[in-house]
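Please open the structure in your viewer and keep the selection tool at hand. The tour proceeds one selection at a time.

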Amino acid sequence: TQSSHTAETISGKSLCIRNKQRENMKIILVLLFMAPLTLSADKDYFSVDSAGSPETKSRFAMLDDVRILANGLLQLGHGLKDFVHKTKGQMNDIFQKLYIFDRSFYELSLQTSEIKEEEEQLRQTTARLQINNEEIKNLSQEMNLKIEDLIQNKIQLQEKVWGLEDKVTKLAIIQPLMQETKEISSLKAFVEQQDNDIKQLLKTVEDQHLQLDRQHNQIMELEDKLNHIEFHELMENSFIEEQPEPETNPIPVLKATAGRYRSDGAAPDCTALYHSGERLSGVYTIKPNGSEAFDVYCEMKFGTSWTVIQRRVDGSLDFNQTWDAYTKGFGDLNEEFWLGLNKTYSITKQGDYILRIELQDWKGNKRHIEYLFSLGGPDTNYTLQLSRISGSIPNALPEETELQFSTADRDVDTKHDSNCPENFLGGWWHSECEETNLNGKYVTPRSRARLDRRKGLYWKPKKGRYYLLKSTKIMIHPTDLKSFD
């Protein structure tokens, strides 16, 4: 409706401009037509007047009138020129609005196609659920018939038990023989056992019937939720459809090149603290070789300790920071934080390290991935190079590629015209825009804007869809690269 209104407005303006042009052309033609008549009238007047009084009328009077008329025509020409320029500007504005209208119509058609595809998927899912619902209804009817048969059998058995009880009562009155009493007791016990078995069977059948009813209600609820966009988006942005790989233990530390105390007693990283006897996760002070002491968060797990360099849990901290902030670090080590490129480099330059990334989606599903990695210094813009070791999610970061760190105020990526950190919020090792960015904007699944979602905190494999994330954690651990040859 808005597009049609814009088109009508543009066409109305075009019609007004054309009407003005026609009116001005008419005025010009009238003036051009009247000019010769005026000149000829002036000639006649001067000729008669000169004959009557040649001394009072000058022959230059006609020239003055011509000059006045020429001056008027010149001013009219200037006005016509200005009008033509103004008309060109208005036509350019109209063409620009028509171009914007065409673009909007094209984008609207693309969105309509996506909506149609989603509707078709929903129809197929609903059809499958309806088939399952019919099958459950049939099973429920069969179970009801079986329950009715069991109830009839129970009634018959109860009547037999009552008949036997009457007989037992009569036998007790006439004092039967000991042997007959034992047979009656045995028969009564058998009947009671049968009655208990029937009761248990009926209870089992009733439980199954209730379970089928609950499943039927769950299916009906799922059909309703399929029509709700938030459910669709949540399913779209979780790991639920991925088959997780088996959780693998981290690579054993065969040679921890930085995991020991130096002679001065300072711990070079969290692994050294673990070897010294620390077993609780928390904030500790370390002093890597050639660096000043600073605080880090050490996470004790897998029989060792990892140095955490990034953590996001609830979006309380804005990660759209400057180059200086990403270099020095920011945030609270007990909550959300970025350790800092300088501090991370001072740790990793001591030896060879493993990079571990842990991810959690909005449905509580957890995945991880581990890389062999190297980190350059400030002179290389902290260039990162990765090689995947293991994990439970497809890789989403380029391997064997030198990736330079970029921020909005310092975009070192010369391969792309656009500024990736500025457009997609947060400093990162960008290889191309719109790829994985664990320092992006914190976005919840309720966000309906597709553009905002792609600026958010997500994991995007090269051949796969976006996984919107609730929390992330990046950790490092020393190892010996030679052990992976």
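Begin by selecting Ala-396: leaving aside neighbours within four places in sequence, Ala-396 is in contact (heavy atoms within 4.5 Å) with Tyr-371, Thr-436, Trp-459, Lys-460 and Pro-461. This is a predicted model, in which local features need pLDDT of at least 70 and side-chain atom pairs count only at pLDDT 80 or more, while totals for chains, interfaces and linings use all residues. Residues are numbered from 1 along each chain as its sequence is written, and side-chain values use heavy atoms, with hydrogens and water left out.

Ala-396 lies in the loop between strand S8 (384–391) and strand S9 (405–406); strands (E, at least two residues) are DSSP runs, numbered from the N terminus. Ala-396 counts as buried because its relative accessibility is 9%; buried means under 20% relative accessible area, with a 1.4 Å probe and protein chains only. Next, add Asn-437, 41 residues away along the chain: the two C-alpha atoms are 9.7 Å apart.

Now select strand S3 (residues 304–312), where nine of nine residues are buried. Strand S2 (residues 294–301) pairs with S3 in the antiparallel sense over five bridges; pairing requires that DSSP finds at least two bridges between two strands. Within this pair, Met-300 has Ser-305 as its bridge partner. Then show strand S12 (residues 467–479), which runs antiparallel to S3 and is joined to it by five bridges; here Val-308 stands opposite Met-475. Finally, select strand S5 (residues 337–338), which pairs with S3 in the antiparallel sense over two bridges, with Trp-338 as the bridge partner of Gln-310.

Note on methods:
Helix = DSSP H or I, 4+ residues; strand = E, 2+ residues; numbered from the N terminus. Buried < 20%, exposed > 50% of the residue type's maximum accessible area, 1.4 Å probe, protein only.
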